[in-house]
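Q: Could you walk me through a close look at a single part of this structure? I would like one connected picture of what surrounds it.

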Amino acid sequence: MHILIVDDEELIRSVIKDYIEEEHYTCDEASDGKCAIELVEKNNYDLVIMDIMMPHMDGYHAIKEIKEIKNIPVIMLSARTEEIDKLQGFSLGIDDYVTKPFSPKELIARIKAVTKRNGSEDILIVGHIELNNNTREVKIDDNLVELTHTQFELLKLFLTNINIALSRDKIIESIWGYDYEADDRTIDAHIKLLRSKLGKYRKSIKTIRKVGYRFVYEE
């Protein structure tokens with residue numbers, strides 16, 4: 001796996017790199033958003049780890065431009081803990097948000113969770129929604145809809161569990177794994193953005209108070 005680390009602090013890049021290489025992954029480094037974009041244009045990465053506050057170009061602007069080049073999974077790093085900052089990141093298509101200071105071992109666990117691919121049927125068709133697990137494409141009413149990695153995995157989880165109530169813990173376990181730590185607001189933010197991608201079918205994802213969510217298919 002080839003990972004791009006983007007952070008203006010050399011020490012943080014070095015620590016992350018050491019842990020990544022222990023997992024036998026390869027990585028490149030960038031000290032700002034502009035440098036990151038140049039590297040993405042030249043190389044193929046499986047994941048980008050992106051800091052927010054950097055000189056020349058911040059992480060938000062860099063992610064926006066990177067997503068226009070290639071749809072690469074992104075983990076955002078930030079000292080900011082406000083919900084609005086997380087929502088802004090998720091709205092740009094990031095797959096996870098890790099607050100500083102963080103445990104390098106936790107970051108490795110999140111890297112593995114974001115990049116894993118759950119096995120399932122090649123093509124899932126529910127009503128007017130079609131999900132192709134091989135091409136990673138989703139069509140709604142025969143129109144392609146662009147989803148982030150996390151949104152794709154969430155939709156796949158719902159489509160393979162029609163009319164089944166899924167707790168937030170179950171969703172976390174299925175998408176990210178047992179050791180992933182996330183609060184309810186993080187999960188709710190992902191669901192909110194997925195609903196926005198479903199358009200007129202957004203109401204298919206029902207909120208179950210104090211439990212989680214259920215995908216309801218009605219003829």
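A: Happy to! One term first: a polar contact is a pair of N or O atoms within 3.5 Å, where, within protein, one must be able to donate a hydrogen and the other to accept it, and residues adjacent in sequence count only if both atoms are side-chain atoms. Please keep in mind that this is a predicted model.

Let's look at helix α3, which covers residues 59-69 and includes lysine 67. Lysine 67 is buried, yet it has no salt bridge. Its nearest side chain of opposite charge belongs to aspartate 95, 4.4 Å away, and a salt bridge would require a side-chain nitrogen of Lys or Arg within 4 Å of a carboxyl oxygen of Asp or Glu.

What does the lysine 67 side chain have for polar company? Its side chain makes a polar contact with the side chain of asparagine 71, at 3.2 Å. In addition, a polar atom of the lysine 67 side chain sits 3.3 Å from the backbone oxygen of glycine 93. Setting aside residues up to four places away in sequence, lysine 67 touches Ile72, Pro73, Val74, Leu92, Gly93 and Asp95.

Alanine 62 belongs to helix α3 too. With a relative accessibility of 0%, alanine 62 counts as buried. Beyond neighbours within four places in sequence, alanine 62 is in contact with Gly33, Ile37, Met50 and Met57. Take glycine 33: it is 29 residues from alanine 62 in sequence, but their C-alpha atoms are 4.9 Å apart in space.

Notes:
Residues are numbered from 1 along each chain as its sequence is written. This is a predicted model: local features need pLDDT of at least 70, side-chain atom pairs count only at pLDDT 80 or more; totals for chains, interfaces and linings use all residues. Side-chain values use heavy atoms; hydrogens and water are left out. Helices (H or I, at least four residues) and strands (E, at least two) are DSSP runs, numbered from the N terminus. Buried means under 20% relative accessible area, exposed over 50%, partly exposed in between (1.4 Å probe, protein chains only). Lys and Arg count as positive and Asp and Glu as negative; His and the chain ends are not counted. Contact means heavy atoms within 4.5 Å.
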